[in-house]
Each structure stands twice: as structure tokens, then as C-alpha cells.
Amino acid sequence: MPSLSAGPSTVPRRRSRNDLGDDSDHIDSSNAIPAPNPKRPRFDSTEEEPGTEEGENEDDEDDQGDASASQDSSQPPARRSTAHRGIGPGGYKPGAIVRIKVTNFVTYTSAEFHPGPKLNMVIGPNGTGKSTLVCAICLGLGWGPQHLGRAKDLGEFVKHGCAEAIIEIELAGPPKLTSNPVICRTIKRDGNKSSFTINGRNATPKQVANFVQSFAIQVDNLCQFLPQDKVAEFAALSPVELLHSTQRAAAEPEMTRWHNNLKDLRQKQKQLEIENRGDNETLANLKDRQEQQRGEVENMRQMAVAQEKMELLEFCRPLVEYREYHKKFEKIKELKARVEQEEEQLKAELEPTLQAVTAKQSYVDKIVLLRNHRRQRFQQLSTVASSCEQKLKDLTSSMDDLDSQIGAQKKSSQKHKVEATQAQQKVNKLKRQLEEEAVEFDASHYNEQLREKRLALRDFGTKLGDIKVQRVPSHDKHKELSKQIEAAEAQLKNLDSQMGQQEIRLQQLSTETLEAYQWVQNNQARFEKPVIGPPIVTCSITDPKYADSIEALLSKNDLLAFTVQTRKDFRTLQQQLMGQMKLHDITIKTSPLRDNRETPMSGQELRQLGFDGWAKDFISGPDPVIASLCMENRFSQTAIGLSQFRGEQAEIDELRRRKVTTFVAGTQLYQTNYRAEYNASSTSIKAVRPARFWTTQPIDTSIKETLLQNIEEWKGKIEDVEAEIQVFKDQFAAAVKSYKETERAIEAIEEEKAAQQSAHTKWLAIPALISQEEAKMKNLHELFAEVREQVAAYRDQQDKIAMQKAEAAIAYADAAEALRLASEEFIKVEVWHLEASSDLKTLQDKFADCTRLLDQKALEVRKVGEEFIEGREKGRTLLRAAKKTNKEAQQRPNSDEVLQTIQDMAYTVDNLNADIESQQAQVRLFVGGNSNVIKIFEDREKQIERLEAKLSDYRRDLAEYDNAIKEVRERWEPRLDALIAKISDAFGDSFARIGCAGQVSLDKVEAEPGPNGEPGGSEFDQWSIQIHVKFRENEQLSILDSHRQSGGERAVSTIFYLMALQSLSASPFRVVDEINQGMDPRNERMVHGRLVDIACDSDDDGATDEDGNPVGGGGGGQYFLITPKLLSGLSYKPGMRVLCIYSGEHMPEEYAKLDFGRAVRKMRAINEKNQIAMGESRGITNGSQVNVYG
């Protein structure tokens, strides 16, 4: 269990865990800025609250996110609260840390810290848990782990082996409160969850964030909270970011909000200027084009009026046509009435003459009716007679059918008689066979012979199988030897080619890779894209002089690597080579998706540096392989030269800055490694060995001799194997012959057995056959009886049909007589009709002229009537069209004049056609103009109006933005200038005390003037803080950056800048972790002295609040400085507190017995004795440095 010690101090009373007083309600709030004019752009923009960085997704019980969760965007932005003014008990500023207690947190099982109200020096060896105190402050106050730069998940801060960790932080409350608020956070390893309490009451992360922010605590501001892993991040802050952090740390909350408002307003103003840029010029151009086209538009408008009138006249044509047609229809109506009257008069005059013709016509009509009646009667009787005749025919046909059936029965009887005779003869024959000698059959005799033969056949089959099995190794050996001979002969043939020599070298380097390469060559169809073999085979050197350099850049795996172009091909090749073929010495690479062969500099620049080219220039091969070498082996960034490199380290560093970290010069390979965190580089040099693979030297002749010797040896083995195979062939042929002979013997025995068995079976079946034939004879006799009965039944049916046929013949005779009489009556009526028709024809011929006159008049009446009906329908159609046209014409603009003209009763269709032709002639006068010019002119006129309105709005909006920016800037800029001036004074004073110089200035970036010389606006988003320092007398003030100053000088500047903010900051405490690591002893001593002066400054002359409490918190308030080392003889002032952390993995059980106070008192007594003995004082004469033991 760790233990902490601290110097004596007065610690305020801590709140009890059971104290449920709601002190969190005592939170000061500043007045909000009055809302701007609603017609103007909004000034306020939501300021980012502390801890609202993205990526913080801690999963708490009450609310997701940590204590720094942002507020609901739907609510108006609340102004950030400032720290409580005044000093509480013990000299602590409100919000300062009084106590920190951790349990199962990181390396601590249980620990409690009691920091002082001013400077707290946290010292101890590395790894003892100093930075863990910083982590506890950050997480305990509700911020997330991303502000620490260490672990990403909350659960990683729980001590190993524990389920949860507890952080308890007691803050100093306002002077009026009797107890201090306590924030407790419990972190659970499972699920990375945490929960909060404030004064023992459950609280959400948002409530904790609001409570902490009420004290102006900004853990997410590097100017207030600078953990060890964020020191480099603070040093990397841009001047713009430094201004933002400085305002948050040292200025009032509204300053940051005003700055954000100014940036937002300026951005909107710039956007407005961009959107309206060029509108004035566009407006002028549009107006010029409008004036140029105005005359043409007037002509086109006149043409449009004529065109419109012409179209309206044509549209009104149905009105004129209907009026003319109505006049024509009235004449047809009058003609119809006159013709009908003339027809009636003619009928009255001819009526006496036509009476005789009418009487004769009436007689003829009656004769026609009688003739039709008698014709119908004749047809009915004809139908009856035909029915009787058909019935008689049907009965005759039935008699014939019965005769046929009787004949068929007689034929069947004769057939049955023949079958019965044959059955009797068969029975007699079977009885004679049964009485003869029986056929004997011995099945066991034949079965015994078959068993013996089949056993012999099985033995021969087994022998054949054994021979097949025995000859397989010989055949396999023959095939293997043949393949080896073919492969050796192919190798002999390839020894003379470059590819063959490279494959030999590949075999010498890895036989498994050669086997895999041969498989790939034969199975390219299995891949989506071509798979490329190892570079040792597929690539070549463009110039042999550079073979040594190229091989020096490649490892064995690089030389043997297969290159695939898709992920699927990678899996296919990997499964085949490593899974199925069980090969191990295999390397597979995937070609990059992007061919990155871009070089850091051009070839000419490289040659000027003494190199011959890049590595990729001296090797050729497939593009995917070269791309892979450029990506993984940096061939596009590795320089090669045949000359030795004689430069210094500075030249190597220059090459590194130009991204050339690897190069080959002569027989040396140079590789440069750079460590950015230490700003240091190292260069390793290796000797370049002669090339082994890409070389023009021939293959060793011993390989060829070995191959020839192997071929001869394998051919001798093949002859021996072929002799063995021939022996097996002879044995196999003899066994096959015996096998076939045995098969034929078995077939002969089976045939003889089947014949004997069939004869025996037939003899045994004779009694059953006799029974079958006798039963058949019995059935035939029964069929004879049935035939006789059936014939008798047919004879009875014939008798009945004969009676029906006689009755039908009588009925047929009666029907024929009635038909004869009806025929005679019908003939008489026909004679009467002929006589009457002849008389009527005579009368009609006599008075034909009168009839013709009457028919002509009737025809005329019919024609006039048809013409009247047709005219009436046409008139109704024209009327509907005229009504529709009149209604639509009245709705058309400028139609009154045309309608008034055509309503004149004297206005005809001819007049209409004449007016239309007149308008057409007027339209033809303007032929050649653009038909769309009017629409274009009117659209441009509208565009001009819109653009003028837009420019008016733009000028009004721009003025409003100017006023809004001016209003906010007048409040923000003077206060910012004053703040920077105070920071610069404090910063310069600190530098002056160590014999250096420094100042802080505000860089106000202004936009470029406009095209007409109008002043540009201020670019508030580019305003920044510029830090100028001078560490040597012969130097000028220069901007602080990583190029001019050393790491120690930047560290001194950083700590002085933070101290300059201390007296201005509203923050109750500040944390700096190991800022002195990069300083030399001189700078560290000076910085420590200045830090002690600022942090432990007295409050005697400070201002007080209304209750008499001092305002400002004692100098700059509470300060935490974490460091693993301290120099001896450093400055010391009252108010400092030194926290010594001496925890470790294994603490002694009596750790609590160690008393630092007692040790200090003993050391002080020893020093006093030494001083008396030496007669001199060892203290610092100026009083600014005090021996901590004296």
C-alpha cells in the first residue's frame, strides 16, 4: 500500500460522506449579453464546453458520455460560469483541490493526497505513480481518458485484478460555505462504465460537468492542465490554437464567445461577398443587352399582335360558319313543307282512278295468305309421311341386325366344337405320356460339379488380383523414373537459356518454391488474374553492373515471393501451396492497388547528387512485381550509384529530409533511421556482397555432369523395371487363360443342368395339364347351351319387330293419302294466284302514268326529308361548336374587338377569310426575326429586377454584418489587447529575471483590399498569438518555433507562458507534468525560482471581496508541478508543499512508521551543528533561496 508525506499545513475541514448539504447550488452566473436585433445576423454562437471533444463515448450509468458531454443543441447556449472569487479557509481558492483519495486506481491500492493551496512539488522516481495523480484529477473531475493521451478505455485505469476503482476529490468551496464539496467517481472494468456522486448524492455526468465548470476548471485546456503525454501536443499548438486556449484560460468566458461570434459573422460575411461577387458587372451587361434588343422586341411584339389576331379570327370561324349555315337550313325547311303539300294534292286528284287497282290488289293479298296456309299444311303432312317411312326403314334394319347376330352365334358354336375336339385329343396324348417311363433329375450331382469349378475360378481371380497389386510398384517406379529423366533432360536443355539458369538458381535456393512455381505455371486458369512467380525468375537486371546493389536491397523472402493481384487469388494460392501441397518455404505478396512509383526527386537532381538512378530503374519485370518492390522495398525511393559515398553526416541528413533514407554507393549500403521524438538520426552502413543470382557467370558444369550421370543411372533402372513388368505380364496372361477355360466349363454344366431340369419339370406338370384340358372341355359344353338359348331369344325379338313393322306400314299408307289430297288443294290455290296476279298487272299497266307521277312526288318528298334531317344534325353540331368557341373566345385577352366584328349579321365567311389574309400579310412583313426574342427579353427584364433586388439585399445585409462585427469587436478587441499586454508583461518579466528577453503579441490578420480599393475585413479566424524570445545577447527577438530554439529553450518558454497566465487565470489550479525534462540545470533552476515567486506570491496587498476575503487566491493560485528529479539548493518559500511519492510494487509492512517530519527535523539539527562548527551560514544571502532543511 503506498504512502504519502507532506509538509505541515492547515487543511480545511472535509465534508463528511453523510453530509447531504446541497452546496452545488451556490454557483455564480454572469450576466448574459443582450440579445441582438432580430433583423441583424446573430452574434452569439454556442461555445464548446470543456470536455466536448469528439470520440469521448464513455458509457455511464445515468448518461452516455463523460462529465464533459455537450449540452443539448436545442437549448440556448449557456454562458460558462466563472470561478468563485475570494479565499476560503486555509488559503485555498474556491475550486482548488483540498484532498484526493484513490482506491484500486492504476498502481494504487489505496492512497490519499493533501495538496497545499499554492505550489505543490510532486516528486519521486519514475514509475512510482506521479502521473497517476494527474490521471486521478482528470478522471475524477468528470473528463475522459482522451485528455490524458494514455489508455483509451476507462476500464484500463482499474488496477489489475480488481473489478472497480474509486476516485474521490474534495474541492475548496466558496468562503460562505462551512464544508467543501466532494466529487466521487466509481469506474467499473466491465463495460467501461462509471458513476458519479456529489456530496454523496448520485449525479449524472452532465451535472458533474456543470458543477466543475462553475469553478472555471478546464481540464481540457492545455494552458491549465498539461499532463506528461500532452506536453508535445501543447508545444505543437499553432498560434491560432494558442490564442483560443489562452482566452479560455485567462479571459472572461464571454471573450471566447465573442471571438467565436466574430469568426462566424466574418465567415458569413465572406460567404455573402463570394455569393454576390460579380453581380454588379452582370447587372450592367444585362441592361446593355436589353437596350440593344428593345427595337427588335417592339417589332416582334407588333408581329405577335397580328399573329394573335389572325389566330383569334381563325378560332372564331365556327361562329360565322354557323350563322351562314343557319340561313341555308331555313331554306331547306321551307322546301320540305312545300313538297309535302304538293304530294297531298296529287293524291287527292288521282284517288278515283286508283280505286280498281286497289281492290284487285286486296284480292291478290288474300290469295297470297291462303296459298301460304295450304303450303304450310302440305309441308306438315310431308314431314309426317317422311317420319313413317323412316320408322319402317328402322324396323327393317333391326330385323337384319338380329339375323346377323344369329349367324354370328352359329359361327361361334362351330368354333367351340373344334376347340372341344382338340382338347379331347390333347387329353388323350397327355395320358399316354404319363403312362410312359418317368424323367429323372439329380440336382446335387450338377451342383457339386459347379461348386468345384467356381472355386477354381475364384482362385484364378485372386491370382489375377495379386498379380495386379504386385505390378503396381513396378509401374509407378517406371513412371517416376521416366518423369525424372524428362525433367533432367529439360533441365539440360534449359541450362543454355537465361530462364533455365534462373530456375536452377531457384532450385538451389528453395526446392519447395520451385515446385510451387511449376504448379502455378500449369494452373494459371484457376486464378482471377495472372499470378507472377518469384522475382529471381520473372525479373532481370537491366545493367549487370548494378546486380550487386539490387540484390543487397532484397532478402531471401523478397527473391522467392509470389505476387498475386486479388485477395481471392491470395487465398486460393495459400490453400493450395500450404494446405494441400504442405509446402513451408513459401512467401506470397499482394500487389498494391495503387502503383506508387513516384520518386522524391527527378533523375537529373539525383545525378547531380552523385547517384546513377533509382533502384527501380535497374530492374525489369512484370508491373505488379515492380509495384510491390516500390511499395515494400522502397525501390522508387532508394538511390544507387557505383561511386563510393564520401559525404558527411550533414549530407546524409539532407538526403533524409528529401525522403531518401536508403541508398547504395559503391560497395556500401546506407540506411538512415530518424527518431522524431528525440530529433536524432542514426545511419547504419553494410557492405554490398557480390551478386549470387542475377549474375552473368555460367552455371557450375558439375550440375550438367550430375544430370547426365543421373539420366544414365535412371535408364538402367528402367530396363530392370521393364523386365519385372514383362514377368508380370506373362503370369497375368496364363492366369487369364485358365480363368476363361473354367468359365466355359461352368457354362456347359449349367446348360446341361437346365435341360434335364426342364424335362423333369414338364413330366411332373402332366397331371395338372390334363386337369386343365378337361376343365376347358367342360366350359365349351356350357357355351354350347348358352348359344342355343341366345338364338332362341333373338327369334322372339324378330317376331315382335315383325308386328311393329306391319303397323308402321299401315300408318305410312294413311300419311301418303293425306299428303296427296293436300297437294291437290295447294295446286288449286297456285292457279288462283296466277289468275289474280295477271288481272292486277293488266290494271297497273292501264294506269301506269298516274302511278309514276305519284311515285316521283313521293321520291322527291323522301329526298327532301332526308336532306332536312341531315341538315338538322349538322346544324346542331355547328351550334355546339359555336357555343364552345364563343365561351372560350370571351375568356381570351384582347378578343372583344374581334367578337364585336363577327357579330355583325352582314359579316360572312368571305369577310373572315379576307381579314385572316390581311393579318397574314402583316405577319409576313416581320419574317426573319427570332421567335423567342420576346420571351428572352421579358425573362431578362425579370432577371434584372431580381438582381437589383438581390444587390439591394446584399448591400443591406453587408451593412448589418459590418455593424454587428463592429459592435462585438468594440467590446472584444480592447479587452483582448489588454489581456495580451498583461501576458506579455508577465512573460517578459520572467525572461528578464533570467537574463533573457521575451514578449507576446497579437497578430491581427486583415483581408486584402477589394478590387475598387475598399478595405478588406478582419480575418478573425486567423488572429493568433506570436511568442518572441531571445536567449542570447547577440540575438534579436525571434518567433518561438522548433527550428530556431532548442528543446530546452522551448520548455522554458512554455513554462514561462503558463506562469504568465497564472495571475490572470480564473482557474483555481494548474497542473504541469514533467515540463522540466528537456531543460539543462541552469534553465531548470531559473524556471523553478520564477515559478516559486509567482505561485507563492503574498496576498497582503491583494483586493478583497465584499466579505473581506482576499481576491486572487494568493499569487496565481494552486499549482501542481510533477517531476521525477529536482536539483539541490532550489528556492523555497512558505506556501510550498512537497509531496514525496515513494510507493512501489512491494511496500514494507512498517511503511507507516516512516516520519518525514521527524527526518526533516533531524536534518535541520545536523545542519545547525555544522553551521556552528564551521562558523558560517550556508543559507542564501538574498533570501530568495532557503535551505529546505535549515
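**Salt bridges and buried positions in a predicted model**

Let me begin with Lys1004, which forms a salt bridge with Glu973, where the closest N and O atoms are 2.6 Å apart. Please keep in mind throughout that this is a predicted model. Lys1004 sits in the loop between strand E19 (997–1003) and strand E20 (1024–1030), whereas Glu973 belongs to helix H25 (residues 933–993), so the pair ties together parts that are 31 residues apart in sequence. The two partners differ in their cover: Lys1004 counts as partly exposed because its relative accessibility is 30%, while Glu973, at 13%, counts as buried. The pair also belongs to a network, since salt bridges with shared partners join Arg969, Glu973, Asp977, Lys1004 and Glu1006.

A search of the whole structure finds 28 salt bridges, and I would like to discuss two others. In one of them, the side chains of Glu170 and Arg99 meet at 3.0 Å, N to O. Here Glu170 lies in strand E5 (residues 164–171) and Arg99 in strand E2 (residues 97–105), so this salt bridge ties together parts that are 71 residues apart in sequence. Glu170 is buried, with a relative accessible area of 0%, and Arg99, at 4% relative accessibility, counts as buried too.

The other pair is Lys393 and Glu389, whose closest N and O atoms are 3.7 Å apart. Both residues lie in helix H9 (residues 355–435), 4 residues apart, which is about one turn of the helix. An α-helix has 3.6 residues a turn, so residues three or four places apart point the same way. Lys393 is partly exposed at 48% relative accessible area, and Glu389 is partly exposed as well, at 31%.

Turning from charge pairs to buried positions, what surrounds Ser636? This serine is found in the loop between helix H18 (623–632) and strand E15 (638–641), and it counts as buried because its relative accessibility is 1%. Leaving aside neighbours within four places in sequence, Ser636 is in contact with Asn596, Arg597, Glu598, Thr599, Pro600, Trp614, Lys616 and Cys630.

In helix H2 (residues 205–213), the buried residues are Pro205, Val208, Ala209, Phe211, Val212 and Gln213. Their cover includes strand E6 (182–188), strand E7 (193–198) and strand E8 (201–203).

Finally, let me come to the surface, where Arg1158, Arg1161, Lys1162 and Arg1164 form a positive patch. Of these, Arg1164 is found in helix H28 (residues 1156–1174), and at 33% relative accessibility Arg1164 counts as partly exposed.

How values were computed. Residues are numbered from 1 along each chain as its sequence is written. This is a predicted model: local features need pLDDT of at least 70, side-chain atom pairs count only at pLDDT 80 or more; totals for chains, interfaces and linings use all residues. Side-chain values use heavy atoms; hydrogens and water are left out. Patches are made of residues with over 30% relative accessible area and no salt bridge: like charges are joined within 9 Å, nonpolar side chains (Val, Leu, Ile, Met, Phe, Trp, Tyr) within 5 Å. Accessible areas come from the Shrake-Rupley method with a 1.4 Å probe; for residues, only the protein chains shown count as cover. A salt bridge is a side-chain nitrogen of Lys or Arg within 4 Å of a carboxyl oxygen of Asp or Glu. Lys and Arg count as positive and Asp and Glu as negative; His and the chain ends are not counted. The place of a charge is taken as NZ of Lys, CZ of Arg, CG of Asp or CD of Glu. Helices (H or I, at least four residues) and strands (E, at least two) are DSSP runs, numbered from the N terminus. Buried means under 20% relative accessible area, exposed over 50%, partly exposed in between (1.4 Å probe, protein chains only). Contact means heavy atoms within 4.5 Å.
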